[in-house]
Every structure is written in C-alpha cells, then in structure tokens.
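Let's take a walk through this fold together, starting from a single side chain and working outward. Please have the sequence and the model open beside you.

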Amino acid sequence: PRPFAEIMRQWSTLHPEFAFLPRKFKIAFNGSLEDRAATGWYDIGVQAQRNAAGEVGFTVMAGGGMGRTPVIAAVMNDFVPWDQLLNYIEAIVRVYNRYGRRDNAYKARIKILVKAEGQKFFQAVDAEYRRAWAGAHVDYWEKYREENPDYAERNRQLQRQRNAKTRKVKVGRSLPGEPEFLLPSGRYQLIRIDSAGIANGNVWI
C-alpha cells in the first residue's frame, strides 16, 4: 500500500481539515494478510484487500489509540473502493473536527469521541461521506437511468401503481364529539373541501 500511503501524505499535508485538529492524528496502512502495522492502535487504520469480485479496496477503522486509555479502533467500513478512500477519510476527519473536544487535551483524541458517541459517530461519518459523494456526482442518477432504461421504466410502473392506489377518504373532522372511525392501511391524499380554501367548523381535512 506504499503508493496509497504516499498519496495520503501529500493530500493531507496542506489539507485545511488537517490544519486545526483537536489533537495529533495518525494514520496507518497495512497491505499484508497479517496486521504488521497494528492498524487497530491508530486514529485511522487502513487495511488493503480485495472483495469477492477482485476489486481493490480498503477496510477503514477509526478511534484506536494507546496511552493511558488504550482503545482498539472500530471498523467504520468493511470495504471502501480505492478511488473513494480519500473521500471517506476526509468524512471521518470532518466529523472529528466538528465534534472533537477542544476543552480538554486528555479527551480530545478521536478515540474518546468514537467511544463516547458510538453509533452516532458512525452515522455522522456516513452522512458526511454521502453528502460529499453526492456533491461530486450530481448527475449520477441521471446517467444511471440513461444507461439502465429497464430499471427506470420499472420504477415508473411501480410509481403509477402506487398512485393508482391513492384513495380519497375522510380522515378527520374538526367538530368535537364526532365519532371516530378506523381507516384501512394505504396511501391517502389530503384535500380541501372548501373551494375557497378557508377552514370552518364543519370541514373535512
């Protein structure tokens, strides 16, 4: 993984997200079957691998560290394609920069944040990564629909079927004392009965 590690070094050296981190930040790469780099003990650990299709990617871990509170890093993503590695690590660093503690130097490491937030940290990283990916691929779904017309047509047919099941049923009444009734499950559309669009004491909503 040496080329990827060098790319990471050059990319992160002047990256603004790395300019004002709460504490020191270390990233480890490993390319062997055995974890010779002890990636679980670093802020971010990256393990090179291939998936079932033979594609090159990385398992990414975060939140490891030693010192007085040793913590083994948690697996953030089992497989990140090699061309998305920088984007995914940037998402981790952005979340750490945003929520990492700066009021206490002993609790400012990412391992404390990951341990304290747990699943919320995973969700924040995933949301940040998806947001960045979507911003860089604004025309992805348009191209996908053009390249997969059968998929697009199937979605249109399903949407037409869902629209056809929409029923116009009285949902509630604004007057007190009206009897309640149960509605069957399904999709409903709220409409105004008053043509003027002004609610009164005897209008269905």
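Tyr-42 touches Lys-26, Ile-27, Ala-28, Ala-37, Gly-63, Gly-64, Gly-65 and Ala-73, once residues up to four places away in sequence are set aside. You will find Tyr-42 in the loop between β1 and β2. One of its contacts, Ala-73, is 31 residues away in sequence, yet the two C-alpha atoms are 7.0 Å apart in space. Is Tyr-42 buried or exposed? Neither label fits: its relative accessible area is 27%, and buried would require under 20% while exposed would require over 50%, so Tyr-42 counts as partly exposed. Please keep in mind that all of this is read from a predicted model.

Now step back to the whole chain. It holds six helices and four strands, and from the N terminus on the elements follow the order α-β-β-β-β-α-α-α-α-α. Of the 205 residues, 28% are buried. The accessible surface comes to about 14200 Å², with 53% of it belonging to carbon and sulfur atoms. Among contacts between residues at least 6 apart in sequence, 47% join residues at least 24 apart.

The strands are a good next stop. Strands of a sheet pair through backbone hydrogen bonds, either parallel or antiparallel. Here, four strands form an open sheet in the order β1-β2-β3-β4, and the pairing is mixed. Which strands stand at the edges? They are β1 (27-30) and β4 (74-81); each has a single partner strand, so one side of each is left without a neighbour in the sheet. On average, neighbouring strands of this sheet are turned by 20 degrees against each other, direction ignored. Look more closely at β3 (residues 56-62) and β4: the two run antiparallel and are joined by five bridges. At Gly-57, for instance, the bridge partner in β4 is Pro-81.

From the sheet we can move into the interior. The largest nonpolar core has 26 residues, and Ile-92 and Phe-121 touch the most other members. At least two residues of this core come from each of β2 (44-50), β3, β4, α2 (85-99), α3 (110-117) and α4 (119-136). Which element gives the most? That is α2, with eight residues. Follow Ile-92 to see how the parts meet: leaving aside neighbours within four places in sequence, Ile-92 is in contact with Ile-44, Val-60, Ala-62, Met-76, Ile-110, Phe-121 and Val-125.

Two of the helices that supply this core also meet each other. The axes of α3 and α4 come within 5 Å and cross at roughly 110 degrees, which makes α3 roughly perpendicular to α4. On the α3 side the contact is made by Ile-110, Leu-113, Val-114 and Glu-117, and on the α4 side by Gln-119, Lys-120 and Phe-121.

Finish with Phe-122, which also has its place in helix α4. Its relative accessibility is 22%, so Phe-122 counts as partly exposed. Which residues does Phe-122 touch, not counting those up to four places away in sequence? They are Ala-74, Val-75 and Met-76. The C-alpha atoms of Phe-122 and Val-75 are separated by 9.5 Å, although the two residues are 47 apart along the chain. With β4 spanning 74-81, these contacts of Phe-122 bring us from the helices back to the edge of the sheet.

Note on methods: Residues numbered from 1 in each chain as written. Predicted model: local features only at pLDDT ≥ 70, side-chain atom pairs only at ≥ 80, totals over all residues. Heavy atoms only, no water. Pairing = 2+ DSSP bridges. Axes fitted to C-alpha atoms, helices over the stretch in contact; angles between N-to-C directions. Core = buried A, V, L, I, M, F, W, Y, C linked by side-chain atoms within 4.5 Å. Buried < 20%, exposed > 50% of the residue type's maximum accessible area, 1.4 Å probe, protein only. Contact = heavy atoms within 4.5 Å. Areas by Shrake-Rupley, 256 points an atom, 1.4 Å probe, with all protein chains shown as cover. Parallel < 35°, antiparallel > 145°, perpendicular 65-115°, else oblique.
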